[in-house]
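Trainee: I should like to understand the terms used to describe this structure. May I ask for the reasoning behind each of them?

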Amino acid sequence: MARVVIALGGNALLRRGDEDSAEVMRKNARMAAERVADVADLGWEIVVTHGNGPQVGRILLQNEAARDWVHPMPLDVCGAESQGQIGYLLQVTLGDVFYERGTERPVATVLTFTRVPADDPAFRSPTKPIGPHYEEAEAKRLASERGWQVASGPEGQWRRVVPSPKPYSIVEASVIRQMAESGVVVVGCGGGGVPVIEEGPRLVGVEAVVDKDLASAILARDVEAEVLVICTDVEGVYEAYGTQDQRLIDRLTPEAALEGLAHGTFPAGSMGPKVEAAATFVRGGGQRAVICSLDDAPEAVRGQAGTTIA
């Protein structure tokens with residue numbers, strides 16, 4: 001049976017403009033579960049990954065709001081907490097959908113570690129904003145007290161910034177592969193996984209975030225998936241996006257995708273990481289990667305929607 005990794009964007013559980021509540025997250029998780037189940041009905045072995053930006057942001061806000069009563073948790077612990085939270089919602093809604101369809105497909109969530117190089121240059125130049133916004137004085141006070149790096153944003157508000165190192169392997173990949181081979185729909189690598197570095201035989205969590213799409217590409221490689229599907233909130237990769245001349249790109253080679261990245265055709269702040277992840281997966285031996293909307297995921301697996309990199 002062929003294997004696919006389906007990478008759900010952060011909008012899969014909390015869409016732009018939605019109220020930040022458990023009820024809304026569960027409703028959106030149910031919609032994502034329907035599309036994943038559609039792919040399962042096509043006969044694929046499935047591994048699901050997901051973003052965690054809104055959810056880990058909420059956890060960090062809760063950290064700050066309660067800091068006078070309880071000890072704030074470090075970022076690696078917050079990332080692990082978000083994996084459990086989102087994994088639970090996806091696991092329970094997938095189970096509901098399979099039950100209602102009369103399909104016997106067990107579902108399991110795996111808390112996932114992602115190896116990153118200890119000497120990655122990102123650790124020397126943190127750039128990824130996380131958590132709440134602060135006034136400048138408050139941001140600098142927290143930076144002094146907690147050893148944070150902070151930076152001002154486009155509207156003059158300040159945020160904490162952390163490294164975003166490049167992943168190179170997924171610790172639990174062999175377990176996830178075995179589970180998928182046995183018919184389990186596995187939810188893993190949430191939010192890119194908890195970033196860890198190797199200190200001899202030990203794995204140590206670090207204050208950083210890993211790009212979810214790049215981690216999904218590494219996981220897809222490591223579990224020997226044939227296809228990587230990266231779901232987002234648009235139909236695929238566009239040329240001249242946002243202009244009157246925008247055009248959906250049906251197909252790209254990995255070389256053309258990487259060339260577009262180098263020339264800024266696919267900006268780092270939007271489609272760039274997805275294009276890089278797709279090209280990375282195909283160049284690493286994957287048959288094809290597809291960038292598509294969540295609703296089009298079943299058609300994308302069949303090669304009938306989205307932008308295919310192959």
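Mentor: Certainly. The model is a predicted one. We may begin with Gly 285, which lies just after helix 8 and takes a positive phi of about 120°.

Trainee: What is the span of helix 8, and what is expected for its number of residues?

Mentor: Helix 8 covers residues 272-283, twelve residues, and reaches 16 Å from its first C-alpha to its last. The expected span is 1.5 Å times one less than the number of residues, and for helix 8 the expected value is 16 Å, to which the span is close.

Trainee: What makes helix 8 mostly covered?

Mentor: A residue counts as buried when its relative accessible area is under 20%. Nine of the twelve residues of helix 8 are buried, among them Val 275, Ala 278 and Phe 281. The buried residues pack against helix 6 (212-222), helix 7 (254-262), strand 12 (227-232), strand 16 (288-293) and strand 17 (307-309).

Trainee: Which sheet contains these strands, and in what order do its strands lie?

Mentor: Strands 12, 16 and 17 belong to an open sheet of eight strands, with the order 3-9-2-1-12-16-17-15 and mixed pairing.

Trainee: Why are strand 3 and strand 15 called edge strands?

Mentor: Strand 3 (107-109) and strand 15 (251-252) each pair on one side only. Two strands pair when there are at least two bridges between them; strand 3 is joined to strand 9 (residues 185-187) by three bridges, and the two run parallel. The requirement is therefore met for strand 3 and strand 9. In this pairing Thr 109 stands opposite Val 187. As for helix 8, it packs on this sheet by touching strand 12, strand 16 and strand 17, and its direction makes about 155° with that of strand 16.

Trainee: What makes a set of residues a nonpolar core, and how many residues has the largest one?

Mentor: The set must consist of buried nonpolar residues joined through side-chain atoms within 4.5 Å. The largest has 44 residues, and those with the most contacts inside it are Leu 219, Leu 228 and Ile 291. At least two residues each come from strand 1 (3-8), helix 5 (173-181), helix 6, strand 12, helix 8 and strand 16. A second, separate core has 35 residues, including Ala 40, Leu 94, Val 187 and Leu 294. In soluble globular proteins, nonpolar side chains tend to be buried together.

Trainee: What does Ile 291 touch, leaving aside its neighbours within four places in sequence?

Mentor: Its contacts include Lys 274, Val 275 and Ala 278. Also among them are Ile 230, Thr 232, Thr 307 and Ile 309.

Trainee: Why is the pair of Tyr 134 and Trp 148 called tilted?

Mentor: A search of the whole structure finds one aromatic pair. Tyr 134 and Trp 148 form it, at 6.4 Å centre to centre and with 50° between the planes. Centres must lie within 6.5 Å, and an angle that is neither under 30 degrees nor over 60 counts as tilted; the pair therefore earns both names. Tyr 134 is in strand 5 (residues 128-134), and Trp 148 is in the loop between helix 4 (136-146) and strand 6 (149-152), 14 residues apart.

Trainee: How do you know whether these two residues are buried or exposed?

Mentor: Tyr 134 has a relative accessibility of 9%, and Trp 148 has 17%. The cut-off is under 20%, so Tyr 134 counts as buried, and so does Trp 148.

Trainee: Which sheet includes strand 5 and strand 6?

Mentor: They belong to an open sheet of three strands in the order 5-7-6, with antiparallel pairing. Its twist averages 35° from one strand to the next. Strand 6 and strand 7 (residues 158-162) pair over four bridges, and Ala 151 stands opposite Arg 159.

Trainee: What is notable about phi in Cys 189 and Glu 224?

Mentor: Cys 189 has a positive phi of about 55° although it is not a glycine. Glu 224 likewise has a positive phi, near 60°, and is a residue other than glycine.

Trainee: Why is Cys 189 called buried, and why is Glu 224 called exposed?

Mentor: Cys 189, in the loop between strand 9 and strand 10, has 0% relative accessibility and so counts as buried. Glu 224, in the loop between helix 6 and strand 12, stands at 53%. Exposed means over 50%, so Glu 224 counts as exposed.

Terms used:
Residues are numbered from 1 along each chain as its sequence is written. This is a predicted model: local features need pLDDT of at least 70, side-chain atom pairs count only at pLDDT 80 or more; totals for chains, interfaces and linings use all residues. Side-chain values use heavy atoms; hydrogens and water are left out. Buried means under 20% relative accessible area, exposed over 50%, partly exposed in between (1.4 Å probe, protein chains only). Contact means heavy atoms within 4.5 Å. Rings of Phe, Tyr and Trp (its six-membered ring) pair if their centres lie within 6.5 Å; planes under 30 degrees apart count as stacked, over 60 as edge-to-face and the rest as tilted. Axes are lines fitted to C-alpha atoms, for helices over the stretch in contact, and angles run from 0 to 180 degrees between N-to-C directions.
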